[in-house]
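Hi there,

Here is the structure I promised to pass on to you. Have a look at it first, and then read on for what turned up in it.

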Amino acid sequence: MKFKNTHKDNEITDESVYKSRRKLLQAGLIGSAGILSSTSSLALTLPKPKHNAKFVIDELTTEKDATTYNNFYEFGLSKSAPSEKAGTMQTEPWTVDIGGLCAQQGPVDLEKLTTNFQLEERVYRMRCVEAWSMVIPWMGFKLADLVKFCKPLSSAKYVYFETLHDPKQMPRQNGGSIPWPYREGLRMDEAMNELTLMVVGMYGKKLPNQNGAPLRLIVPWKYGFKGIKSIVKIKFLDRQPVNSWQAIAANEYGFYANVNPNVDHPRWSQATERRITGGFSLFNSRIKTQMFNGYGDYVADMYKGMDLARYF
């Protein structure tokens, strides 16, 4: 299906910024990486990704904003805590343990995944459940390719993910209300959807620690907390797993977490969002939230017949 960008980006961003970002996109994000400040120290060399022109938006959140304003509660509750405290986390070597209902079992080196699967660069909207949003150029491979590599059994209906559990490196794992390690999951058809990415980079560079290095999930039609970071375990299950936020407050955070402007969070409206386009001022542009974050052409069919207010 043809991607529809229904947003009028030049109504959101200052015209001069909009034009400069458009030129950046036209020039190619990989080629522009040299003019952006480096935020990653990972030594792993990544193959050059293929730029996917189908997923381009004439707007970008600045790299500084995207790497210094984010949630990674393993390092703290403030938006700045990840960039301030995650830099010393060791991300090499890195293996992902594959298990559950699949034929391909055991640990897999991240380098094998990045060299065996085609890396792509895609610009996606990212909508946080807290009602702020960004537009970020991600680099990764399709989760569908990894699923095929693992050869799941016909009884496998869900894919489960788990974050690194290392309280020495992740200080907030020594306490707090989240049941560590952080857990997430997708239905099999969601995992196989062409939008779903296993991400290893952003802004033409390797993924910074604070953004989930060296491997994270991006599911652009869902709220950002579904994008589990620093993944070390993937399992194939026949039953729906309970994700971390669902375990904490099932009345506020569901398993599906599809972006839906018609279903408010119990404590705030989801009808609009604050687009972070430069700094974190409350006066940043506020825009209407799109159903499925604007990716309905790709994903709406998966939820036909479901009560999206009930299965939130």
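**What was found**

Glu130 is partly exposed, as its relative accessible area is 28%. Please keep in mind that this is a predicted model. The side chain of Glu130 forms a salt bridge with that of Lys79, at 3.1 Å from N to O. Lys79, at 18% relative accessibility, counts as buried, because the cut-off for buried is under 20%. The two residues sit in distant parts of the chain, 51 residues apart: Lys79 is in the loop between α3 and α4, and Glu130 is in the loop between β4 and β5.

How many salt bridges does the structure hold? There are 13. As a general point, side chains of opposite charge can pair when their charged atoms come close. Here are some more to find on your screen:

- Glu120 and Arg122 meet through their side chains at 2.7 Å, N to O. Glu120 is buried at 11% relative accessibility, and Arg122 is buried at 2%.
- Glu190 pairs with Lys222, with 2.7 Å between the closest N and O atoms. Glu190 lies in helix α7 and Lys222 in the loop between β10 and β11, so this salt bridge ties together parts that are 32 residues apart in sequence. Both Glu190 and Lys222 are buried.
- Glu59, Arg127, Glu273 and Arg275 are joined in a network of salt bridges.

Next, the sheet. Five strands make up an open sheet with mixed pairing, in the order β3-β2-β11-β6-β7. At the edges are β3 (106-109) and β7 (183-187), each of which pairs on one side only. From one strand to the next, the twist averages 20°. Helix α6 (residues 143-150) packs on this sheet and touches β2, β3, β6, β7 and β11, and its direction makes about 65° with that of β11. Within the sheet, β6 (residues 158-163) and β11 (residues 231-237) are antiparallel partners over 6 bridges. One residue to look for is Thr163, whose bridge partner in β11 is Ile231.

Finally, the nonpolar core. The largest one has 86 residues, and Leu146, Phe161, Met198, Ile234 and Phe236 touch the most other members. Which strand gives the most to this core? That is β5 (residues 132-142), with 7 residues. Try clicking on Ile234: beyond its neighbours within four places in sequence, its contacts include Val96, Ile98, Leu146, Val159, Phe161 and Met198.

Enjoy exploring!

Methods. Residues are numbered from 1 along each chain as its sequence is written. This is a predicted model: local features need pLDDT of at least 70, side-chain atom pairs count only at pLDDT 80 or more; totals for chains, interfaces and linings use all residues. Side-chain values use heavy atoms; hydrogens and water are left out. A nonpolar core is a set of buried Ala, Val, Leu, Ile, Met, Phe, Trp, Tyr and Cys residues joined through side-chain atoms within 4.5 Å. Buried means under 20% relative accessible area, exposed over 50%, partly exposed in between (1.4 Å probe, protein chains only). Helices (H or I, at least four residues) and strands (E, at least two) are DSSP runs, numbered from the N terminus. Contact means heavy atoms within 4.5 Å. Two strands pair if DSSP finds at least two bridges between them. Axes are lines fitted to C-alpha atoms, for helices over the stretch in contact, and angles run from 0 to 180 degrees between N-to-C directions. A salt bridge is a side-chain nitrogen of Lys or Arg within 4 Å of a carboxyl oxygen of Asp or Glu.
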